[in-house]
Amino acid sequence: MIELSDSGWPHSTSPFRADPPLNTVGIVVPMRDGMKFFKLCVYSVLNFTFPPYTITVVDNLSGLRTRRQLRSLSQNHPFEVLRYDEPFNFSAQANLGLRHAFRFPNVKYGLLLNADTVVEPDWLQHLLETIQSDNFGAVGPLSNVAIPDQEGKKQLAVKRVGRLSGFCMLIRREAFESVGGFDESFVGGGYEDQDFTRRLAEARWLLGVDHRVHVHHFHRAFRVGKEHTESMELNRVRYVEKHIALKEKNNV
């Protein structure tokens, strides 16, 4: 049972910097600027997360002001900041952060969390219960902005699905390693999460949505315009061609 403080909020917990206990979750937060959203995200994690965890922030070309704020925050809160100084590539940032978290043998699960999300009490405990309940390779929550499989009302249910969105995804370490992580050939962001989870399913890992958990997603759109539209179309074509080829190979 979670004990509440006088203000009605759970007492803050702290992530581990080193020597985490068994079954620790390595939370990875890719970001670029947007400190207002990032603070909401991290403070919700600090206040509502009770299973043991680490936090790794992967900063992609943020401005000087954001970098200074990150240095200040990381001096007061035990999380690590990695720099990804290449053009935006969600897959590369996810792999960088997750592999960094998995350097600890006791980090058995990785969790991708967008910097424009806010979590609720018991969120990670429920996701852990679900992923440990069966041969799940990855599980996710409900949200206000997500693919159709992850929208809806909260209820006491876990539903198996064929894909998951990367805005908040708990991943079993063995599953991540079995498929080689995210495919970094996808340009920028888009379809890499569907590709990753589809490859998990093809490797006979289960995928699930825990309907007890809701994570609010502001869906901050800092990648807009012609370049983003073109990269999404490139990724769509790559995704379709890649999985047609895999299907044909598996049917041989």
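Which residue with a positive phi follows H6? Arg 204 does, with phi near 70 degrees. The model is predicted, and its chain has 252 residues, of which 52% count as buried. The secondary structure comes to 7 helices and 10 strands. Among contacts between residues at least 6 apart in sequence, 80% join residues at least 24 apart.

**Helix H6 and the residue after it**

- Helix H6 spans residues 192-202 and is mostly covered, with 8 of its 11 residues buried.
- The buried residues of H6 include the acidic-named positions Glu 192, Asp 193 and Asp 195.
- Gln 194, Phe 196, Thr 197, Arg 199 and Leu 200 are also among the buried residues of H6.
- Arg 204 comes after H6 and has a positive phi.

**Other positive phi values**

- Most residues other than glycine have a negative phi.
- Leu 61 is not a glycine, yet its phi is positive, near 60 degrees.
- Leu 61 sits in the loop that runs between strand S2 (53-59) and H2, and its relative accessibility of 39% makes it partly exposed.
- Asp 122, also not a glycine, has a positive phi of about 70 degrees.
- The loop holding Asp 122 lies between strand S5 (117-118) and helix H4 (123-132).
- Asp 122 has a relative accessible area of 32% and is therefore partly exposed, since the buried class ends at 20% and the exposed class begins over 50%.

**Packing of H1 and H2**

- Two packed helices are described by the angle between their axes and the distance between the axes.
- For helix H1 (residues 35-48) and helix H2 (residues 64-76), the angle is about 20 degrees and the axes are 11 Å apart.
- H1 is therefore roughly parallel to H2, because angles under 35 degrees count as roughly parallel.
- The crossing of the two helices, H1 and H2, is right-handed.
- On the H1 side, the contact is made by Met 35, Phe 38, Lys 39 and Tyr 43.
- On the H2 side, Thr 66, Gln 69, Leu 70 and Leu 73 make the contact.
- By class, the residues of this contact between H1 and H2 are 5 nonpolar, 2 polar and 1 charged.

**Cysteines**

- A disulfide is a covalent bond between the sulfur atoms of two cysteines.
- Searching the whole structure gives 0 disulfides.
- Cys 41 is in no disulfide, and the nearest cysteine sulfur to it belongs to Cys 168, 9.0 Å away.
- Why does this pair not count as a disulfide? The sulfur of Cys 168 is 9.0 Å from that of Cys 41, whereas a disulfide needs the two sulfur atoms within 2.5 Å.
- Cys 41 is buried, because its relative accessibility is 0%.
- Cys 168 likewise has a relative accessible area of 0% and is buried.

**Gly 208 in strand S9**

- Gly 208 is part of strand S9, which covers residues 206-214.
- With a relative accessibility of 0%, Gly 208 counts as buried.
- Leaving out residues up to four places away in sequence, Gly 208 touches Phe 136, Ala 138, Val 139 and Gly 140, among others.
- Its further contacts under that condition include Lys 159, Arg 160, Val 161 and Leu 164.
- Gly 208 and Pro 141 are 67 residues apart in sequence, while their C-alpha atoms are 8.6 Å apart in space.

Key
Residues are numbered from 1 along each chain as its sequence is written. This is a predicted model: local features need pLDDT of at least 70, side-chain atom pairs count only at pLDDT 80 or more; totals for chains, interfaces and linings use all residues. Side-chain values use heavy atoms; hydrogens and water are left out. Axes are lines fitted to C-alpha atoms, for helices over the stretch in contact, and angles run from 0 to 180 degrees between N-to-C directions. Helices (H or I, at least four residues) and strands (E, at least two) are DSSP runs, numbered from the N terminus. Angles under 35 degrees count as roughly parallel, over 145 as roughly antiparallel, 65 to 115 as roughly perpendicular and the rest as oblique. A crossing is left-handed if the near helix is turned anticlockwise from the far one by less than a right angle, and right-handed if clockwise. Contact means heavy atoms within 4.5 Å. Ala, Val, Leu, Ile, Met, Phe, Trp, Tyr, Cys and Pro count as nonpolar, Asp, Glu, Lys and Arg as charged, and the others, Gly among them, as polar. Buried means under 20% relative accessible area, exposed over 50%, partly exposed in between (1.4 Å probe, protein chains only).
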